[in-house]
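Here is a guided walk through a structure, from one loop outward to the contacts between chains. Keep the viewer open as you read.

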Amino acid sequence: MFYQVINGDVCVENLKVETLVTASSLFIGDTKTVTLTSNYETPPETLIVGVTTPRPSATQRS
Amino acid sequence: MAKRTSHVQSLTNISVDTSSVIQIGDSKVLDAVSNVLAVQREKAIFYENEFLFRDYFTFCEPIDVPVITEPLEITTCHETSAICVNKVRVNFLAASSVLHVGSNESICLGSRVKNIRHIMKDADKNQK
């Protein structure tokens, strides 16, 4: 596929964004290839109830 | 790639997190990767070699990125050689995110986040 881009004026007066979350991008201008990947794991998958803090010996790794 | 100059009057930002980028001007390639393991324990006792990235599948799992097979040919020409921005306000940039004023060729952002909560049982709470 072949296409041509002719950019005129790019004038931004006022731009307000609260938050850009993980692996996101805000562009004023142009780009060719954008690859965004995100892997998010949060409770309840890993909410562990009844955990006692490990004893020092249990965490000694070789 | 035709170049342009970016004019930014005012840019307001509160916090930029790990491996995030605020770019004013052109760039060619941008790569940002971040791994976040957030552990919240009711009894905040942590040991040095406890939480390792390699122990969790979230950080080892390969993410397959779609490949563009179609031949792509883009030619861009800019009538004006300037990007004018008066006022930009981006309060927070979380892990591996990009605020870019200007042109770019390729950008590749990746983030892996895992949250763990350890809450004590009621019996343990009474022993505190």
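**From a loop to the interface**

Let us start with S24(A), which sits in the loop between β2 and β3 of chain A. This is a predicted model, so the values below are computed from predicted coordinates. Is S24(A) buried or exposed? Its relative accessibility is 14%, and S24(A) therefore counts as buried, the limit being under 20%. A polar atom of the S24(A) side chain lies 2.5 Å from the backbone oxygen of V21(A). Leaving aside residues up to four places away in sequence, S24(A) touches S96(B), S97(B), V98(B) and L109(B).

A23(A) is in that loop between β2 and β3 of chain A too, and is buried at 8% relative accessibility. Its backbone deserves a look: phi of A23(A) is near 55°, a positive value in a residue other than glycine. For context, most residues other than glycine have a negative phi. S96(B), one of the residues touched by S24(A), also has a positive phi, of about 45°, although it is not a glycine. You will find S96(B) in the loop between β6 (82-93) and β7 (98-101) of chain B, buried with a relative accessible area of 0%.

Now step back to chain A as a whole. Chain A has 0 helices and 5 strands, and its elements run β-β-β-β-β from the N terminus on. Of the 62 residues in chain A, 21% are buried.

How many residues of each chain take part in the contact between chain A and chain B? The answer is 56 residues of chain A and 66 residues of chain B. The area buried between the two chains is about 5,500 Å², with carbon and sulfur atoms giving 52% of it. In chain A, the residues that lose the most area to chain B are M1(A), K32(A) and N39(A), together 12% of what that side buries.

There is plenty to inspect among the polar interactions: between chain A and chain B, 51 residue pairs are in polar contact, counting pairs with both residues at pLDDT 80 or more. On the side of chain A that touches chain B, the elements giving two or more residues are β1 (2-7), β2 (10-20), β3 (25-28), β4 (33-41) and β5 (47-49) of chain A. Among these, β2(A) gives the most, with 11 residues. Sorted by class, that side of chain A has 26 nonpolar, 22 polar and 8 charged residues.

Next come the salt bridges. The count is 5 over all chains, and 2 between chain A and chain B. In one salt bridge, the side chains of D30(A) and R4(B) meet at 3.2 Å, N to O. D30(A) lies in the loop between β3 and β4 of chain A and R4(B) in the segment before β1 of chain B, so this pair joins two chains. Both D30(A) and R4(B) are buried. Another pair crosses between chains from E41(A) in strand β4 of chain A to K114(B) in strand β8 (residues 106-119) of chain B. The side chains of E41(A) and K114(B) meet at 2.3 Å, N to O. Here E41(A) is partly exposed, with a relative accessible area of 25%, whereas K114(B) is buried at 5%. Within chain B, the side chains of R41(B) and E50(B) form a salt bridge at 2.5 Å, N to O, and both residues are buried.

Staying in chain B, look at S6(B) in strand β1 (residues 5-12). S6(B) is buried, with a relative accessible area of 18%. Its side chain reaches the backbone oxygen of V101(B) at 3.2 Å. The residues S6(B) touches, not counting those up to four places away in sequence, are I24(B), G25(B), I83(B), V101(B) and G102(B).

Finally, the cysteines. Why is C11(A) not bonded to C84(B)? The closest cysteine sulfur to that of C11(A) is in C84(B), 4.3 Å away, which is too far for a bond, because a disulfide needs the sulfur atoms within 2.5 Å. C11(A) is exposed, with a relative accessible area of 56%. C77(B) is in no disulfide either, the nearest cysteine sulfur being that of C11(A), 17 Å away. C77(B) is partly exposed at 32% relative accessible area. Over all chains, the count comes to 0 disulfides.

Note on methods. Residues are numbered from 1 along each chain as its sequence is written. Chains are lettered from A and ligands numbered from 1 in the order in which they are written. This is a predicted model: local features need pLDDT of at least 70, side-chain atom pairs count only at pLDDT 80 or more; totals for chains, interfaces and linings use all residues. Side-chain values use heavy atoms; hydrogens and water are left out. Buried means under 20% relative accessible area, exposed over 50%, partly exposed in between (1.4 Å probe, protein chains only). Contact means heavy atoms within 4.5 Å. Buried area is the accessible area (1.4 Å probe) that two parts lose on being put together, summed over both. A salt bridge is a side-chain nitrogen of Lys or Arg within 4 Å of a carboxyl oxygen of Asp or Glu. A polar contact is a pair of N or O atoms within 3.5 Å; within protein, one must be able to donate a hydrogen and the other to accept it, and residues adjacent in sequence count only if both atoms are side-chain atoms. Helices (H or I, at least four residues) and strands (E, at least two) are DSSP runs, numbered from the N terminus. Ala, Val, Leu, Ile, Met, Phe, Trp, Tyr, Cys and Pro count as nonpolar, Asp, Glu, Lys and Arg as charged, and the others, Gly among them, as polar.
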